Amino acid sequence: YHSFFEINGVLCDSQYDFREKHSTQHSVTDIVNQVQSRFDQGMPLVVYSLFKGFDTIGHCILLQKLYHYCIRGIINDWFHLYLTDRVQSTQIGSETSSKVTTACGVPQGSLQGP
């Protein structure tokens, strides 16, 4: 799938995850350079965090984005099945909360998740 995204130009230049010859160091360097450039030009700085992106992405939005980037048919159906009708609960000690169906977020701790 990496070459599909590379060949079709789906990934932007600032996409560093899961790319050959790209690392977190490249990402940090890019951010520092952008901040320094804006600072030098006297431009306002806007800082935001994407750390909660995997926790908060709506399933419908994610599936639409995958479709937009030509992830369709059986593969999109698989992602739909993977994301929908999932439940979660919390356990502290011997107490477990009731199960709640999730409408957003990517399941974590798997090969498909972050």
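This report walks through a predicted model of one protein chain, from its overall layout to some individual residues.

## The overall layout

Let us start with the whole chain. The protein chain holds 5 helices and 4 strands. Reading from the N terminus, the order of these elements is α-α-α-α-α-β-β-β-β, so the helices come before the strands in this pattern.

The protein chain has 114 residues, and 14% of them count as buried. Its accessible surface is about 9600 Å², and carbon and sulfur atoms make up 59% of that surface. Among the contacts with a separation of 6 or more, 38% join residues that are 24 or more positions apart.

## Helix α2 and a nonpolar patch

Helix α2 is a good place to look next. It covers residues 24-40, which gives 17 residues in α2. From the first C-alpha of α2 to its last the reach is 24 Å, close to the 24 Å expected at 1.5 Å a residue. After α2 comes G42, a residue with a positive phi near 70°.

F39 belongs to this helix. Is F39 buried or exposed? F39 is exposed, because its relative accessible area is 59% and the cut-off for exposed is over 50%. F39 also takes part in a nonpolar patch on the surface, together with I31, V35 and L45. Taken together, the four residues of this patch have about 390 Å² of accessible area. A general point about helices helps when viewing such a patch: an α-helix has 3.6 residues a turn, so residues three or four places apart point the same way.

## The largest nonpolar core

Now for the inside. Which residues make up the largest nonpolar core? There are 6 of them: F5, L63, L66, I71, Y82 and L83. Two helices, α4 (59-68) and α5 (74-83), each supply at least two residues of this core.

I71, one of the core residues, sits in the loop between α4 and α5. I71 is buried because its relative accessible area is 13%, and buried means under 20%. Leaving aside residues up to four places away in sequence, I71 touches F4, F5, L66, N76 and F79. Of these partners, F5 and L66 are also listed in the core.

## Two residues with positive phi

The loop between α4 and α5 is also home to C70. C70 is not a glycine, yet it has a positive phi of about 70°. C70 counts as partly exposed because its relative accessible area is 48%, and partly exposed covers the range between under 20% and over 50%.

D85 is another residue to find in the model. Where is D85 placed? D85 lies in the loop between α5 and β1 (87-88). D85 is a residue other than glycine with a positive phi, near 60°. With a relative accessible area of 70%, D85 is exposed.

## Contacts across the sequence

Some residues meet partners from elsewhere in the chain. T56 is found in helix α3, which spans residues 53-56. In sequence, T56 and A103 are 47 residues apart, while in space their C-alpha atoms are 9.0 Å apart. Not counting residues up to four places away in sequence, T56 touches C104 and G105.

T102 is placed in the segment after β4 (100-101). Which residues does T102 touch, not counting those up to four places away in sequence? The partners of T102 are H59, R86 and Q88. T102 counts as buried because its relative accessibility is 18%, and the cut-off for buried is under 20%.

Terms used
Residues are numbered from 1 along each chain as its sequence is written. This is a predicted model: local features need pLDDT of at least 70, side-chain atom pairs count only at pLDDT 80 or more; totals for chains, interfaces and linings use all residues. Side-chain values use heavy atoms; hydrogens and water are left out. Patches are made of residues with over 30% relative accessible area and no salt bridge: like charges are joined within 9 Å, nonpolar side chains (Val, Leu, Ile, Met, Phe, Trp, Tyr) within 5 Å. Accessible areas come from the Shrake-Rupley method with a 1.4 Å probe; for residues, only the protein chains shown count as cover. A salt bridge is a side-chain nitrogen of Lys or Arg within 4 Å of a carboxyl oxygen of Asp or Glu. Buried means under 20% relative accessible area, exposed over 50%, partly exposed in between (1.4 Å probe, protein chains only). Contact means heavy atoms within 4.5 Å. A nonpolar core is a set of buried Ala, Val, Leu, Ile, Met, Phe, Trp, Tyr and Cys residues joined through side-chain atoms within 4.5 Å. The expected span of a helix is 1.5 Å times one less than its number of residues.
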